[in-house]
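Me: I'd like to learn how to back up the words people use for a structure. Could you take my "why" questions one by one?

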Amino acid sequence: MTNTDLSAAPGPGASPPSSRRGARLGRRMRSLGGLLLSLALTLLGLLLVTFIIGRVMPIDPVLKVVGERATQAQYEAARLAMGLDKPLWQQFLVYMGEVLRGDFGRSISTGHPVAQDLRRVFPATFELAALGTLIGVCVGVPLGVVAAARRGGWIDQIARVVALVGYSMPIFWLGLMGLLLFYGILGWVGGPGRQGIVYDGMVPEMTGMILVDSLLAGDWGAFRDAFSHIILPASLLGYFSLAYVSRMTRSFMLEQLSAEYITTARVKGLSERRVVWAHAFRNILVPLITVIALSFGSLLEGSVLTEIVFSWPGLGQYITKALLAADMNAVLGGTVLIGTCFVALNILSDVLYRTLDPRAK
Amino acid sequence: MTPLLSVRDLRVSFPTRSGSFQAVRGVSFDLGRERLGVVGESGSGKSMTGRAILGLVRPPGKVTAERLELDGESILNLPERRMRKLRGARISMVMQDPKFSLNPVMTIGRQIMESYRLHSGQGGQAARDKALDMLRAVQIRDPERVFDAYPHEISGGMGQRAMIAMMLAPDPEILIADEPTSALDVSVRNEVLRIMDKLVRDRGMGLIFISHDLNLVGQFCDRVLIMYAGRVVEELPAHDLHAARHPYTQGLLNSLPRLDQPVERLSTLQRQDSWRDADIATPLPGGL
């Protein structure tokens, strides 16, 4: 995926006090301008790539629309209507204009406009990935920090095993076992799908994320139901995110804890907790945010198996089905959406990076 | 009179695959309200001696000693909680390079205030005043600006002065300066040394000045310990440095260029295995 520069060089050193504030402001404006420019270029590149993929695929888009029994005249008419007789660069401009207006064409497998389909499936995936990342971060970061602070201790060993299992277990197997145990045997959680049948369609749709919508509607029953459905797949995704986040946190922390300024902090007589959290942890926030953003992004695009095991009507399932049906409009629309998410996450981490690291201002 | 710090037979060892490695092998000295230089090449155990006094040798490293006393009280292997009360408040340390020894994402002011607030129990405003006073004391001309600056925004010399301000803010009795000027330009070096010297003398503190620079230590300290391979091989007053008797010290001195006695080639130090375990050349002064 695309990647804006996350490791920009630290700014120049001290300047005379009078010009200092002005210089800082100027630098910030310039960096904002650079950010917007890189954003525009990245999105342009993304569109170009998806456009090319759409044209190179050995699928005749006209045939997909008119069907196999159409006459030559009908075929030609459809081809002209789709603008496929124009030169490629004109086609690209038309495509870009359509995408900018939010028009991805019609999906041939669902019969709806792709944009409408995406509005339906994306919130489901977003909700799942967000909760998964939340679980992964809330458990993974403290686990990684403690594992590094007590390197070689029992917490470190447990964290190692947890992460190893997280890396190596196939997610569909864990998902099925989870369903069997917590839904089938214990009955603690809701089964596959996003809602129980009682609540299906009962909550007025606002954001498309059922947890949020039911809260907005003040419907506690629906919220509990949706929560009992999402918690198992979200924990599963959270576990994978945790494995990655905790290992990265640990290695970032080990690097910082061996730094000289940590010895300084200890010489001052600070408590170990303050040394670890106020000094070392504060210094890993920047790389950690990048790791979390990338992990979130990969959950947005890559939770196909989880969505299939849990019958979760999300983006991963939608794109996979579209791909198998050679439904190119849907595939390209989904790809553009995921690419845009990655760009947005990169920009978000870039902005956070600038606010958190004084050297980047 | 009890010395500020009394060290007898201090040993620091680290377990390795082939038995334990001793980085410090039986170091003994007393420190009064004076400036004691510790000289030796890298790996001679001089820095490790400083860290052992501060209780900063991390496991699996082990510190043993016949005696390690601060003002007559043993501080050998104190529980971490009690050691923390001494660190910063009574013994402090300035390290080599302010680029690495200051926290890059915390302003200088907050770093100075942090240790002062911890040990004095004072509130924010008092700590701020103290930090600005300390910055003035290390002769920083615009303390307000440096207070709000991040370490990357100030020069190395200024960073080291801020470091000295930070370490002296809680009024410790002993300052260990571990190669405090090695990372600085020669032009800034003397200024930083002068400031540190003045503050240490005004407060009647004990200073342990760790360095590999014989000339610097000779000018700047009252007494010098020469370390080799984890042991003190010679101890002598700084002004008698030229009269050193141990062949290692003589070798070190001979390998330095001298303006008043130019030579064609400087002699190279020939190390001898017997120095590792031989007794020190000058016995400790009688009263010890």
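Reply: Sure, and keep in mind that this is a predicted model. Let's begin with how elements get their names: a helix is a DSSP run of H or I with at least four residues, a strand is a run of E with at least two, and the numbering starts at the N terminus. With that in hand, you can place B:Asp260 in the segment after α10 (247–254) of chain B.

Me: Why is B:Asp260 called exposed?

Reply: Exposed means over 50% relative accessible area. B:Asp260 has 55%, so the word exposed applies. As for its place in space, the C-alpha atoms of B:Asp260 and B:His119 are 49 Å apart, with their positions 141 residues apart in sequence.

Me: What makes B:Thr49 buried or exposed?

Reply: Set its number against the cut-off: buried means under 20%. B:Thr49 has a relative accessible area of 5%, so it is buried. You'll find B:Thr49 in helix α1 (residues 46–53) of chain B.

Me: Which residues does B:Thr49 touch?

Reply: Leaving out residues up to four places away in sequence, B:Thr49 touches B:Leu10, B:Val24, B:Val27, B:Phe29 and B:Met227. A touch here means heavy atoms within 4.5 Å.

Me: Why does A:Tyr353 count as buried or exposed?

Reply: A:Tyr353 comes out at 11% relative accessibility, which means that it counts as buried, given that the limit is under 20%. It's part of helix α14 (residues 328–356) of chain A. Its C-alpha is 5.5 Å from that of A:Val286, although 67 residues separate the two along the chain.

Me: And what makes A:Arg224 exposed or buried?

Reply: Its 58% relative accessibility does: A:Arg224 counts as exposed, since exposed starts over 50%. A:Arg224 belongs to helix α9 (residues 220–257) of chain A. From its C-alpha to that of A:Val137, 87 residues away along the chain, the separation is 23 Å.

Me: Why is A:Gly45 called partly exposed?

Reply: Partly exposed is the range between the buried limit of 20% and the exposed limit of 50%. A:Gly45 has 30%, so it goes in that middle class. A:Gly45 is in helix α1 (residues 17–56) of chain A, and its C-alpha is 25 Å from that of A:Val304, which is 259 residues away along the chain.

Me: What is worth noting about the phi of B:Asn77?

Reply: Start with the background: most residues other than glycine have a negative phi. B:Asn77 isn't a glycine, yet its phi is positive, at about 50°. B:Asn77 is in the loop between β6 (73–74) and α2 (80–86) of chain B. With 55% relative accessibility, B:Asn77 counts as exposed.

Me: What about the phi of B:Asp171?

Reply: B:Asp171 is another residue other than glycine with a positive phi, near 55°. This one is in the loop between α7 (156–168) and β8 (174–178) of chain B. Its 44% relative accessibility falls between the two limits, so B:Asp171 counts as partly exposed.

Me: How do you know that a cis peptide bond joins B:Pro59 and B:Pro60?

Reply: The clue is omega, which is about 10° for this bond. As background, most peptide bonds are trans. B:Pro60 lies in the loop between α1 and β4 (62–64) of chain B.

Me: What makes something a cavity?

Reply: A cavity is a set of grid points where a 1.4 Å probe fits but cannot get out. By that rule there are 2 cavities of 30 Å³ or more, and the second largest has a volume of about 30 Å³.

Me: Which residues line the second largest cavity?

Reply: They come from chains A and B, including A:Tyr261, A:Lys268, A:His279, B:Ser101 and B:Met166. Helix α10 (residues 260–267) of chain A gives the most to this lining, with 3 residues.

Me: Last one: how many helices and strands does chain A have?

Reply: Chain A has 14 helices and 0 strands. Of its 361 residues, 44% are buried. Its C-alpha trace spans about 85 × 65 × 40 Å along the principal axes.

Methods:
Residues are numbered from 1 along each chain as its sequence is written. Chains are lettered from A and ligands numbered from 1 in the order in which they are written. This is a predicted model: local features need pLDDT of at least 70, side-chain atom pairs count only at pLDDT 80 or more; totals for chains, interfaces and linings use all residues. Side-chain values use heavy atoms; hydrogens and water are left out. Buried means under 20% relative accessible area, exposed over 50%, partly exposed in between (1.4 Å probe, protein chains only). On a 1 Å grid over the protein atoms alone, a cavity is a set of points where a 1.4 Å probe fits but cannot get out, and a pocket is an open set with protein on both sides within 12 Å along at least five of seven lines; lining residues have an atom within 4 Å of a point. Grid points are joined across faces, edges and corners, and a volume is the space filled by probe spheres set on the points.
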